[in-house]
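Walk me through this structure, one step at a time. I would like to see how its parts fit together.

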Amino acid sequence: MHDEHDHDHGSHLTDMELRVRALETVLVEKGYVDPKALDLLIETYETRIGPHNGARVVAKAWIDPDYKSRLLKDASSAIAELGFTGRQGEHMVALENTDAVHNLVVCTLCSCYPWPVLGLPPVWYKSAPYRSRAVLDPRSVLAEFGVSLPANKQIKVWDSTAEIRYLVLPERPAGAEAWNEEQLSRLVTRDSMIGTGLARSPSEVS
Amino acid sequence: MNGAQDLGGMMGFGPVTAEPDEPVFHADWERRAFALTLAMAAPGGWNIDQSRAARESLHPAQYLAKSYYEIWVAGLEKLMAERGLVAPAEIDAGKALEPAKAVPSVLTAARVERVLARGGPTERVATAPQRLRVGDRVRARNIHPLGHTRLPRYVRGHVGQVTHVHGVHVLPDANAAGAGEKPQWLYTVRFAAQELWGETADPEASVSVDAWESYLEPA
């Protein structure tokens, strides 16, 4: 979709820039929208809510077994303990990766994604290549992200077809046993919480 | 509706291309389109299922050719036009040509934080007994509704196992049609990849979908 149409990207951009500007003008003129509310919505998702939230959840689960068991039992309330609640995260489920199981999350029908912990989804997550193939051939999709798993590892794909939102709890990498929660959170990537990546190794960040 | 949004299992789109250090938005119009779409739900009075249905009703060729936020803008324009809030000619003109309609509410800056924090929970109080249990074998019904549905084509007719019970949730099929919430029990059903895609599929892979009770029958 988007990223595959570079040849006409420029004209799209111009047309869309004009169209959306006109749309906003009409909506403000009619009193349907408050431009300050629009600015606040953008600022919220561009600067405040993002994968750093989810990274805190994962790091806490790695370091605190009680928290981890609460997270796996009732993710919505465990995540709410850290203050991450609301739109597109109303009904959360956490999926634990282990040495036997790898979880991968997709939304084949649209773009469902756990906003309070991961922010807005990247373009590839919303794109036709990912949505079409994550369910059909997850191993080849993972390979495109540089993730190769042992052939006997189970791959569980979760298609977000309802309002349940999924957060993958990646495996804790070795070599960071003495790290604290804040340090561990730097090992947690966005992709590792979708399942298209693994957590970083300590040598990658130190 | 068997529209272009139902992408699971299609081929020919090429590899997944991830952009390193991807920004949240790629152009200023995407920022505004995102915010306008969120903000218009209050005055527009539509629900999330109606928003999805509007996007899915695009001609398949258009749906597949448009970028993500282009689809959002097209869906928003359709919802507004259907309700007489904004006519396409007004957007073409870049100014209001008709008087504003009375709307139920407007999302003011002061309300943004509260509205986002509240979100849109879909769980409701059960009014019917739960008919399926974890471990039950079920078949996804072979249905092809003309309206909005959240049962993807690739599971229809296939047998899986109930793995989770999520309580009772608003039924998108009814909610999108403006027929009320008609809440139903919601389950996660796991299908072996080989059940869905045949014997050449990965023997260690499975795919789970969340499915309302009326999408399922005992197997």
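Start at Val157(A). Setting aside neighbours within four places in sequence, Val157(A) has contacts in its own chain with Leu104(A), Val106(A), Ala134(A), Val135(A) and Pro138(A). Val157(A) also touches the other chain, at Ala205(B), Ser206(B), Val207(B) and Ser208(B). Keep in mind that this is a predicted model.

Val157(A) also belongs to the largest nonpolar core, which has 118 residues. Val157(A) is one of the members that touch the most other members. The others named with it are Leu41(A), Val58(A) and Leu167(A) in chain A, and Leu36(B), Ala39(B) and Ala211(B) in chain B. In soluble globular proteins, nonpolar side chains tend to be buried together.

Now look at the strands that link the chains. Strand S3 of chain A covers residues 154–159. S3(A) runs parallel to strand S5 of chain B, residues 205–212, and five bridges join the two. At one position along this pairing, Asp159(A) stands opposite Val209(B).

Step back to the whole interface. Here 70 residues of chain A are in contact with 74 residues of chain B. On the chain A side, H1(A) gives the largest share, 12 residues. Other elements that each supply at least two residues include helix H2 (35–48), helix H9 (138–144) and strand S3 (154–159) of chain A. By class, the chain A side holds 35 nonpolar, 16 polar and 19 charged residues.

Next, the strands within chain B. Strand S2 of chain B spans residues 137–140. In a regular strand the side chains alternate between the two faces of the sheet. S2(B) shows such alternation: Val138(B) and Ala140(B) point to one face and are buried. Arg137(B) and Arg139(B) point to the other face and are not buried. S2(B) has two antiparallel partners. With strand S3 of chain B (residues 159–169), S2(B) makes three bridges, and Arg139(B) has Val159(B) as its bridge partner there. With strand S6 of chain B (residues 216–218), S2(B) again makes three bridges. In that pairing Val138(B) is matched with Pro218(B).

Finally, the domains. Chain A divides into domain 1 (2–46) and domain 2 (50–205), with C-alpha centres 30 Å apart. Chain B divides into domain 1 (28–118) and domain 2 (123–218). Their C-alpha centres are separated by 29 Å. The contact between the two chain B domains takes six residues from domain 1 and four from domain 2. On the domain 1 side, one residue is nonpolar, two are polar and three are charged.

Key. Residues numbered from 1 in each chain as written. Chains lettered and ligands numbered in written order. Predicted model: local features only at pLDDT ≥ 70, side-chain atom pairs only at ≥ 80, totals over all residues. Domains from an automatic or database assignment. Contact = placed C-beta atoms within 7 Å. Nonpolar A, V, L, I, M, F, W, Y, C, P; charged D, E, K, R; others polar. Core = buried A, V, L, I, M, F, W, Y, C linked by C-beta atoms within 7 Å. Buried ≥ 20, exposed ≤ 12 C-beta atoms within 10 Å, placed from the backbone. Helix = DSSP H or I, 4+ residues; strand = E, 2+ residues; numbered from the N terminus. Pairing = 2+ DSSP bridges.
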